[in-house]
Amino acid sequence: MNELIPPGKIRCDACPVLCYIAEGRSGACDRYANHNGELVRLDPLTVIAARSDSVPFMDNEGGEQD
């Protein structure tokens, strides 16, 4: 890729929109921002751990449960 990035902006490639984000601003999604020239994530990343007492949504055959 041989593209020109506008001065004072960084390119976010986290999604197909490919925002050019100015310093101190966030992209179209409001999830990523330009903080001192670095792409940072604004919302917390939540990881849901599997629990042993969870109930499956569907049975093994792909049909509904009773």
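A residue is taken as exposed when its relative accessible area is over 50% and as buried when that area is under 20%, with partly exposed in between. By this criterion Asp30 is exposed in the predicted model, because its relative accessible area is 53%. Asp30 is placed in the loop between β2 and β3, the latter covering residues 32-35. Its phi is positive, at about 60°, although Asp30 is not a glycine.

A positive phi is also found at Leu18, again a residue other than glycine, with a value near 55°. Leu18 belongs to the loop that links β1 (9-11) to β2 (20-22). With a relative accessibility of 32%, Leu18 falls in the partly exposed class.

The secondary structure of the protein chain consists of four strands, with zero helices. The order of elements along the sequence is β-β-β-β. The chain has 66 residues, of which 12% count as buried. About 5,900 Å² of the protein chain is exposed, and carbon and sulfur atoms contribute 53% of this area. Among contacts with a separation of 6 or more, 10% join residues 24 or more positions apart.

The largest nonpolar core is formed by five residues, namely Ile10, Cys12, Cys19, Ile21 and Tyr32. In soluble globular proteins, nonpolar side chains tend to be buried together. Within this core, Cys12 is buried, with a relative accessible area of 6%. Cys19 likewise counts as buried, at 15% relative accessibility. When neighbours within four places in sequence are left aside, the contacts of Cys12 include the core members Cys19, Ile21 and Tyr32. Cys12 is also in contact with Leu18 and Leu39. Leu18, one of these partners, is the loop residue with the positive phi described above.

The cysteines were examined for covalent pairing. A search of the whole structure returned zero disulfides. For Cys12, the nearest cysteine sulfur is that of Cys29, at 6.0 Å, and Cys12 is in no disulfide. Cys19 is in no disulfide either, the nearest cysteine sulfur being that of Cys15, 5.8 Å away. Since a disulfide requires sulfur atoms within 2.5 Å, neither distance meets the criterion.

Two salt bridges were counted. In one of them, Arg31 pairs with Asp43, and the closest N and O atoms are 3.3 Å apart. Arg31 lies in the loop between β2 and β3, whereas Asp43 lies in the segment after β4 (38-41), so this pair ties together parts that are twelve residues apart in sequence. Arg41 also forms a salt bridge with Asp43, with a closest N to O distance of 3.0 Å. Through the shared partner, Arg31, Arg41 and Asp43 are joined into one network.

The members of this network are partly exposed, as shown by relative accessibilities of 39% for Arg31, 37% for Arg41 and 27% for Asp43. By contrast, Cys12 and Cys19 of the nonpolar core are buried, at 6% and 15% respectively. The loop between β2 and β3 holds both Arg31 of the network and the exposed residue Asp30.

Note on methods: Residues numbered from 1 in each chain as written. Predicted model: local features only at pLDDT ≥ 70, side-chain atom pairs only at ≥ 80, totals over all residues. Heavy atoms only, no water. Helix = DSSP H or I, 4+ residues; strand = E, 2+ residues; numbered from the N terminus. Buried < 20%, exposed > 50% of the residue type's maximum accessible area, 1.4 Å probe, protein only. Contact = heavy atoms within 4.5 Å. Areas by Shrake-Rupley, 256 points an atom, 1.4 Å probe, with all protein chains shown as cover. Salt bridge = Lys/Arg side-chain N within 4 Å of Asp/Glu carboxyl O. Core = buried A, V, L, I, M, F, W, Y, C linked by side-chain atoms within 4.5 Å.
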